[in-house]
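The exercises below concern cysteines, aromatic rings and a pocket, and each is followed by a worked solution. Please look over the sequence and the coordinates before starting.

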Amino acid sequence: MNTLLWIAVGILLYTSVAMALNARGVLPPSFRVSGPILTIHTKRGRAFLNWLASPKRFWRAWGNFGVGMAIVIMFGSFFAVLFSAYSAVTDPQAATIARPQDALVIPGVNQFLPWAAAVDILIGLLVGLVVHEGGHGLLCRVEDIEIDSMGIALLAFLPLGAFVQPDEESQEAADRGSKTRMFAAGVTNNFLVTAIAFGLLFLLVASFVTVVPGVAVGGTLPGSAAQDAGIERGDVITAVNGQPIDGEDDFEAALADADREVTVDRRSDEAVTVQRNLIVTRAVVDAPLAAGDDIRVVDGERVQTRSEFEAAINGSEVVELETMYGTVRFPIGTYVSTVPGDDPLGADGGAPDQPMLIHSIDGERTPTPEALTAVLEETEPGQTVEVVAYHNENPDGADPWNGTRHTYQVTLDENPRGDYGFLGVGGIQGGTSGVAINDFGIDTYPADQYHSFLGGAGLGENPINTFITRMFVILVLPFASVVDPSLGYNFAGFNGAITNFYAVSGPLSAGLVFGLVNALFWTGWVNINLGIFNCIPSYPLDGGHILRSCVEAVLARLPGEATPTTATVITTAISALMILSLLGLLFVPQLLS
């Protein structure tokens, strides 16, 4: 049984017991059971809200500001949900939410929210629920709407939300503006808490947290030299053969000058000796090699490092590679998946629109995309060049490694990216012939990038713009590897081995600083998500109530008599569309993939 099934069984058992106790009158009157939902009601706290609501002019101004912000986000969320649902239907493989349970803010169930962040997420959730419902309650009293009760809602034993239950008659008697300000107050408070939490987060990181020098090891590749040597996640490599390194560029340069055997120093552990060997880290579909394969011999020459591999293929168009699985034919070139017929190589050169390996341009070898770009940057628009490529004779062929040599005369177009020639190819893949190799075997963790995102680089010349930009960057950090695969890792806070990549300076202890930063990160993240989600124009969310007020205001300005039924039909239709889109976003990718 998987985790989600155990949770479902637990909720079902809890529901049965809670409903049985409620039917027998065992539970207190303040406890109300509706299926798996338990709400606890109280009338306490109303006097405090009355006192807090006394500067009514200020709170109404704050409410009006919140209404404007909520309406903008409501329209934005409307189109975002529709676009996401459409994308999930047309391209289910690219959907960000690959599993329905990933929409739940439950660590361990949601693959992007680890157990290590459970306490911090719970803190953020509780803060978000209190300020959200507190905002509704405060504006109720500002607008003279009576409060029937307040309390919290639980899904089994999990806090689902807080609530303020206005008196229905008092709420109906309030004018449209009062009700709109009341409904918008919750999300306004969530966004305020987000700004405060992220502001403090940026300040703490900029003041106390630094990235340690060296290369942060996020993990090792299976079967790699680094794994065999005992290097593991959380290590920081500080030197290669006694040469200090401060970043990935220094590390790569040190390896390029080193022999097959290297000794690396680690920040918090003893030095180890690594016997380097070449393994494939990534390969395009249909390539003769796959991730995890080792490369042992090139044209009869033993190779163990990337430098040896590059030297062995230098000057060759086609080589034979020996791996643990046998020998493969390997033309050298940049892998491109498409050659559009209306671009130079397809139109003037006559190359077919199919995958190919571009070996050279005017005699200059192009074994990698970087080499292809460098060669093209030396050309001019209108220049005719000779392109040597390998591709399958079959027009539908997708296997250029078993293809034959072809030569094309191509007149280059103007390049939209610079003042040099444009060849016209698409789907360019990294590595040599679409195959990326590694001779050491570590996967580096982007410690510098995440430190910068969290405020380590300061706010720059435009603090407001930088602050807002970083707020929305942080929104995607828990699933950063999905949004930007080059990052490789999601950020879930300074937990576990991740703390090895950072140092804390100043009077505060590292544990205290990392704890505060984690709590602020998740408090801001949860609150901004609560605010945005509640702005979706659908009942019973705040966005649905704000939508109805907007529809009523628009209808009131149109010719003729506007009836409540018309407003109800419009808001119900939009609400249903949003619900269907959300369900489609969650479940369609699984059904179609």
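**Exercise 1. Decide whether Cys535 is bonded to another cysteine, and describe its surroundings.**

Begin with the distance: the closest cysteine sulfur to that of Cys535 belongs to Cys550 and is 11 Å away, which is too far for a bond, since a disulfide is a pair of cysteine sulfur atoms within 2.5 Å. The model is a predicted one, in which local features need pLDDT of at least 70 and side-chain atom pairs count only at pLDDT 80 or more, whereas totals for chains, interfaces and linings use all residues. Residues are numbered from 1 along each chain as its sequence is written, and side-chain values use heavy atoms, with hydrogens and water left out.

Next, take accessibility, where buried means under 20% relative accessible area, exposed over 50% and partly exposed in between, for a 1.4 Å probe and protein chains only. Cys535, with a relative accessible area of 1%, is buried.

Finally, the count of disulfides by this rule comes to 0. Cys140 is likewise in no disulfide, its nearest cysteine sulfur being that of Cys535 at 17 Å, and Cys140 counts as buried at 0% relative accessibility.

**Exercise 2. Classify the ring pair Phe251 and Phe440, and place both residues in the fold.**

First, fix the rule: rings of Phe, Tyr and Trp (its six-membered ring) pair if their centres lie within 6.5 Å, and planes under 30 degrees apart count as stacked, over 60 as edge-to-face and the rest as tilted. The count by this rule is 19 aromatic pairs. For Phe251 and Phe440 the centres are 5.2 Å apart and the planes stand at 85°, so the pair is edge-to-face.

Then locate the partners, using helices (H or I, at least four residues) and strands (E, at least two) that are DSSP runs numbered from the N terminus. Phe251 belongs to helix H8 (residues 248–256) and Phe440 to the loop between strand E24 (435–438) and strand E25 (442–444), so the pair ties together parts that are 189 residues apart in sequence. Phe251 counts as buried at 2% relative accessibility, and Phe440 counts as buried at 2% as well.

**Exercise 3. Which ring does the charged end of Arg470 sit over?**

Apply the criterion that NZ of Lys or CZ of Arg is within 6 Å of the ring centre and within 35 degrees of the ring normal. The ring is that of Phe202, with the charged end of Arg470 placed 6.0 Å from its centre.
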